[in-house]
Amino acid sequence: WLFGFGLEVVADRQKSQFKANADNADKFINVGLWSWSRHPNYFGELSFWWGLYFFGLAAEKSFVWTIAGPLMMTGMFLGVSIPWMDRRSCERRPEYADHMKRVSGLVPWFPKKA
């Protein structure tokens, strides 16, 4: 839970600082956590929800049914939000397609060589 919350805060802060720089107006963020994942804020959000689920499950085994929450969040991000954001980014900045080939969509991981 704490890891996910912290990751989301750092990713959102990095993006906010990036957007605040007028020189970055026509660019997409590919520095900091964003060089390891195209959507580190989403990964932080999902980590947060899965963390809450495991806390609940540890407290009371009968809470197993609450897995519906993190599963639905994961499905929403993987099936809707990430594809939509990537498509929109490619339409606005054609060079984003190359970025997608190098950088993980969700889970922060080592970028591929260009």
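**Contacts, core and surface of a four-helix chain**

In this predicted model, contacts between residues at least 6 apart in sequence were counted in the protein chain, and 65% of them join residues at least 24 apart.

Visitor: How many helices and how many strands does the protein chain have?
Guide: Read along the sequence, the pattern is α-α-α-α. The secondary structure therefore consists of runs assigned by DSSP as helix. The count is four helices and zero strands.

Visitor: Which elements give two or more residues to the largest nonpolar core?
Guide: The largest nonpolar core has eight residues, namely Leu7, Tyr42, Phe43, Leu46, Phe77, Ile82, Met85 and Leu106. The elements that supply two or more of them are helix H2 (40-59) and helix H3 (68-92).

Visitor: Which residues is leucine 46 in contact with, leaving aside its neighbours within four places in sequence?
Guide: Leu46 belongs to the largest nonpolar core. A contact here needs heavy atoms within 4.5 Å. With the sequence neighbours set aside, the partners of leucine 46 are Met73, Thr74, Phe77 and Leu106.

Visitor: What percentage of the exposed area of the protein chain do carbon and sulfur atoms supply?
Guide: Of the 114 residues, 34% count as buried, the cut-off being under 20% relative accessible area. The chain exposes about 7500 Å². The part supplied by carbon and sulfur atoms is 66%.

Visitor: How far apart are the mean positions of the positive and negative charges of the protein chain?
Guide: The C-alpha trace spans about 50 × 25 × 25 Å along its principal axes. The chain carries 14 positive and 10 negative charges. Their mean positions are apart by 4 Å.

Notes:
Residues are numbered from 1 along each chain as its sequence is written. This is a predicted model: local features need pLDDT of at least 70, side-chain atom pairs count only at pLDDT 80 or more; totals for chains, interfaces and linings use all residues. Side-chain values use heavy atoms; hydrogens and water are left out. A nonpolar core is a set of buried Ala, Val, Leu, Ile, Met, Phe, Trp, Tyr and Cys residues joined through side-chain atoms within 4.5 Å. Buried means under 20% relative accessible area, exposed over 50%, partly exposed in between (1.4 Å probe, protein chains only). Accessible areas come from the Shrake-Rupley method with a 1.4 Å probe; for residues, only the protein chains shown count as cover. Lys and Arg count as positive and Asp and Glu as negative; His and the chain ends are not counted. The place of a charge is taken as NZ of Lys, CZ of Arg, CG of Asp or CD of Glu.
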